[in-house]
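Work through the exercises below with the model open. Each one sets a task and then solves it in steps.

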Amino acid sequence: MNAKGDLIARALTLGLGAPTFEAETHGPPHDRRFRVTVRVGGQVLGGGGEGRSKRDAERVASESALQALDGTAPATPHGASPTQERWPIYGAVLAGALDAALEFAPEDATLDDVRVRAARMYRDLLRDLGHGPDELDSPGEAL
């Protein structure tokens with residue numbers, strides 16, 4: 001499992017924007033500890049993470065943020081429902097949706113326009129295949 005990659009894909013698919021990872025370093029040079037906080041749309045998502053390396057702290061923070069998106073952790077981003085259903089992440093399908101959205105985007109389309117179109121395509125494909133939430137009022141519906 002690639003928690004950080006899964007988190008980025010999930011946040012983009014849900015139309016929340018790309019998460020940012022803020023790292024702090026604590027302790028003496030021979031015993032460094034890292035603390036990472038994940039933000040989506042300026043809001044803290046999940047409980048953060050700590051580790052002996054920045055990479056480990058980002059992984060733990062990403063896992064916590066994914067739990068928040070799944071509604072199994074107390075913190076959720078602004079506008080997200082804590083009881084929303086989990087959307088599966090299929091990297092190849094998501095990449096294909098991004099490629100298709102970019103290919104068919106008007107020349108004056110912004111990156112956000114392409115991202116939103118790709119998220120809609122991905123969401124609709126998963127729904128058609130029976131792999132996504134059926135609720136019409138899910139956060140991804142606003143895409």
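**Exercise 1. Place Y90 in the chain, classify its exposure and find the surface group it belongs to.**

Solution. Begin with the position in this predicted model. Y90 lies in the loop that joins α2 (54–70) to α3 (91–104). Next, take the exposure. The relative accessibility of Y90 is 34%. Partly exposed covers the range between 20% and 50%, so Y90 counts as partly exposed. Finally, look at the surface around this residue. Y90 forms a nonpolar patch with V93, L125 and L129. Together the four residues have about 330 Å² of accessible area.

**Exercise 2. Write out the order of secondary structure elements and count each kind.**

Solution. Start at the N terminus. The elements run α-β-β-β-β-α-α-α. Now count by kind. The protein chain has four helices and four strands. Then add the burial figure for the whole chain. Of its 143 residues, 37% are buried.

**Exercise 3. Describe the largest nonpolar core and say which element gives the most to it.**

Solution. First, the size. The largest nonpolar core holds 14 residues. Second, the residues with the most contacts inside this core: L7, V38, L45, A65 and L69. Third, the elements. Those that give two or more residues are α1 (3–13), β2 (33–40) and α2. Of these, α2 gives the most, with six residues. A general tendency fits here: in soluble globular proteins, nonpolar side chains tend to be buried together.

**Exercise 4. Find the salt-bridge partner of K4, then the ring that its charged end sits over.**

Solution. Take the salt bridge first. K4 pairs with E58, with 3.2 Å from N to O. The bridge links distant parts of the chain: K4 is in helix α1, E58 is in helix α2, and 54 residues separate them. Compare the two environments. E58 has a relative accessible area of 13%, so this residue is buried. K4 has 30%, so this residue is partly exposed. Now turn to the ring. The charged end of K4 sits over the ring of F21, at 4.7 Å from the ring centre. Last, check for pairs between rings. A search of the whole structure finds zero aromatic pairs.

**Exercise 5. How many salt bridges does the whole structure have, and what do those of R39 and R52 link?**

Solution. The search of the whole structure gives five salt bridges. Go to R39. The partner of R39 is E22, and their closest N and O atoms are 2.9 Å apart. This pair links strand β2, which holds R39, to strand β1 (residues 20–26), which holds E22. The two lie 17 residues apart. R39 is partly exposed because its relative accessible area is 27%. E22 is also partly exposed, at 35%.

Go on to R52. The partner of R52 is D31, and their closest N and O atoms are 3.0 Å apart. Here the pair links two loops: R52 is between β4 (49–51) and α2, and D31 is between β1 and β2. The separation along the chain is 21 residues. At 54% relative accessible area, R52 is exposed. At 33%, D31 is partly exposed.

**Exercise 6. Is R10 buried or exposed, and how far is its C-alpha atom from that of L69?**

Solution. Locate R10 first: this residue is in helix α1. Then apply the cut-off. Buried means under 20% relative accessible area. R10 has 4%, so R10 is buried. Now the distance. R10 and L69 are 59 residues apart along the chain, and their C-alpha atoms are separated by 8.6 Å. L69 is one of the residues with the most contacts in the largest nonpolar core.

**Exercise 7. Give the element and exposure class of R117, then its distance from F104.**

Solution. R117 belongs to helix α4 (residues 111–128). Its relative accessible area is 36%, so R117 is partly exposed. In sequence, R117 and F104 are 13 residues apart. In space, their C-alpha atoms are 9.6 Å apart.

Notes. Residues numbered from 1 in each chain as written. Predicted model: local features only at pLDDT ≥ 70, side-chain atom pairs only at ≥ 80, totals over all residues. Heavy atoms only, no water. Patch = residues over 30% accessible without salt bridge, like charges linked within 9 Å, V, L, I, M, F, W, Y side chains within 5 Å. Areas by Shrake-Rupley, 256 points an atom, 1.4 Å probe, with all protein chains shown as cover. Salt bridge = Lys/Arg side-chain N within 4 Å of Asp/Glu carboxyl O. Buried < 20%, exposed > 50% of the residue type's maximum accessible area, 1.4 Å probe, protein only. Phe/Tyr/Trp six-rings, centres within 6.5 Å; stacked < 30°, edge-to-face > 60°. Lys NZ or Arg CZ within 6 Å of the ring centre and 35° of its normal. Core = buried A, V, L, I, M, F, W, Y, C linked by side-chain atoms within 4.5 Å.
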